[in-house]
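Welcome! Let us take a friendly walk through one protein chain, beginning with a single residue and then widening the view. Keep the picture at hand while you read.

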Amino acid sequence: MHTKTDSEDTSFAPSSPENRRPVYFVQSPSHDGEKTTTSFESTPVPGSPVGSPPHSQSSVGRHSRESSTSRFSGSIKPGSRKIDAGSGGRNNRKGGRKGLKEFDVIEEEGLLEGGDSEKGFPRRCYFPAFVVGFFVLFSFFALILWGASKPQKPRIVMRSIKFESFVVQAGSDDTGVSTDMISMNSTVKFTFRNTGTFFGVHVTSTPLTLSYSNLAFGTGNMKGFFQSRRSSKNVTVIVAADQIPLYGSGASLSTQAGMLTLPVALNLNFTVQAKAEVLGKLVKTRFHNKIQCSVVFDSKKINLPISLKSSCQYNA
């Protein structure tokens, strides 16, 4: 009988628990169409005499990168199972880090490409565009206000004229020419009404002129005033004449003791001007109203007001 030697006992002896090496399994997804499969590969403990095959590590890295890229850049398909990257071995974790780095690089490149492809509005054009837009909007708004203010014209209603005195007598002008001279004093009253709903007006007037046979002999000046919106004011103006020569015009006048014996047709003319500041001094609207009144003077009506409501014409 053959006797076993010590070396044979050693070589054929079963491995002791101490010599047993633990085996690790790497779980990685493999996308084929719509399904997700799990592959297992044995990986010895690092540092053991028997190393893992080179293709095993490259396979793990490739699967890890695919898993990381799919997890961050692609959407998870219905029915697929999410694999936790922390459940693998050390090589799987390294592969996951590589996949994350590649994903970051791809994402940054995509952002750069998107920023280059999208051409936005240059920042240096913001302020000029704002200024231009502001002036356009302001001009449009001012135009609307100006157009809305035009129909809201002031209204003038002539009320009366009263003659306190009216004298025609012989005299001479500054050059010594003999002629009839006229002196008179009267009071004109009218009502000014501002119909504007959102603006006031500055009111002025040309001199009120009283004439006879195209000869102006009496004048009066109205004092300017400001009239607020939707309000009215009664205006009184003194129209007077002092030793105004009539020359040939006085020949038709019939007088007795300096007083007129017959009614005399006179004309009263003036123009009222109103300036509305619709938007401060930037937007203004002007109104003009020319007034012509026919007045019949009768010496019997001295100091009595003569109505002008139906004897005036208004030309706005």
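Ser-211 counts as buried because its relative accessibility is 10%. Here, buried means under 20% relative accessible area, exposed means over 50%, and partly exposed lies in between (1.4 Å probe, protein chains only). This serine is found in strand S8 (residues 208-212). Leaving out residues up to four places away in sequence, Ser-211 touches Ala-216, Phe-217, Leu-266, Asn-267 and Asn-269. A contact means heavy atoms within 4.5 Å.

Before going on, a word about the model. It is a predicted one, in which local features need pLDDT of at least 70, side-chain atom pairs count only at pLDDT 80 or more, and totals for chains, interfaces and linings use all residues. Residues are numbered from 1 along each chain as its sequence is written, and side-chain values use heavy atoms, with hydrogens and water left out.

**The chain as a whole**

The chain has four helices and 17 strands. These are DSSP runs numbered from the N terminus: helices are H or I with at least four residues, and strands are E with at least two. Of the 316 residues, 30% count as buried. Among contacts between residues at least 6 apart in sequence, 67% join residues at least 24 apart.

How confident is the predictor? The mean pLDDT of the chain is 74, and 61% of its residues reach 70 or more. pLDDT is the predictor's confidence in each residue, from 0 to 100. Over residues 32-89 pLDDT stays under 50, and the model has 73 contacts beyond four places in sequence for this stretch. Over residues 113-117 pLDDT also stays under 50, with zero contacts beyond four places in sequence. Where pLDDT is low, the predicted coordinates should not be read in detail.

**A helix and its partners**

Helix H4 covers residues 126-149, and its 24 residues should span 34 Å at 1.5 Å a residue; the end C-alpha atoms are 34 Å apart, which agrees. The expected span is 1.5 Å times one less than the number of residues. In H4, Ala-142, Leu-145 and Ser-149 are buried. The buried residues of H4 pack against strand S14 (264-279) and strand S15 (283-297).

**Strand S15 and the disulfide**

Strand S15 also holds Ser-294. This serine is partly exposed because its relative accessible area is 47%. Apart from neighbours within four places in sequence, Ser-294 is in contact with Leu-266, Asn-267, Leu-308 and Ser-311.

Which two cysteines form a disulfide? Cys-293 and Cys-312 do, with their sulfur atoms 1.9 Å apart. Cys-293 lies in strand S15 and Cys-312 in strand S17 (residues 312-315), so the pair ties together parts that are 19 residues apart in sequence. The structure holds one disulfide, a term used for a pair of cysteine sulfur atoms within 2.5 Å. The torsion about the S-S bond of Cys-293 and Cys-312 is about 110°, so the disulfide is right-handed. Both Cys-293 and Cys-312 are buried.

**A hairpin**

Strands S5 and S6 pair in the antiparallel sense over 16 bridges. Two strands pair if DSSP finds at least two bridges between them. Ser-160 stands opposite Lys-189 in S6. S5 and S6 form a hairpin with five residues between them, and Gly-176 in the turn has a positive phi of about 95°. S5 is also joined to strand S16 (residues 305-307) by three bridges, and these two run antiparallel. In S16, Pro-305 is the bridge partner of Lys-162.

**Three loop residues**

The table gathers residues that sit in loops between strands.

| Residue | Loop between | Relative accessibility |
|---|---|---|
| Asp-174 | S5 (155-172) and S6 (178-194) | 86%, exposed |
| Asn-214 | S8 and S9 (215-220) | 82%, exposed |
| Arg-230 | S10 (225-227) and S11 (231-245) | 52%, exposed |

Asp-174 and Pro-245 are 71 residues apart in sequence and 9.5 Å apart in space, C-alpha to C-alpha. Asn-214 has a positive phi of about 65° although it is not a glycine. Arg-230, also a residue other than glycine, has a positive phi near 50°. Most residues other than glycine have a negative phi.
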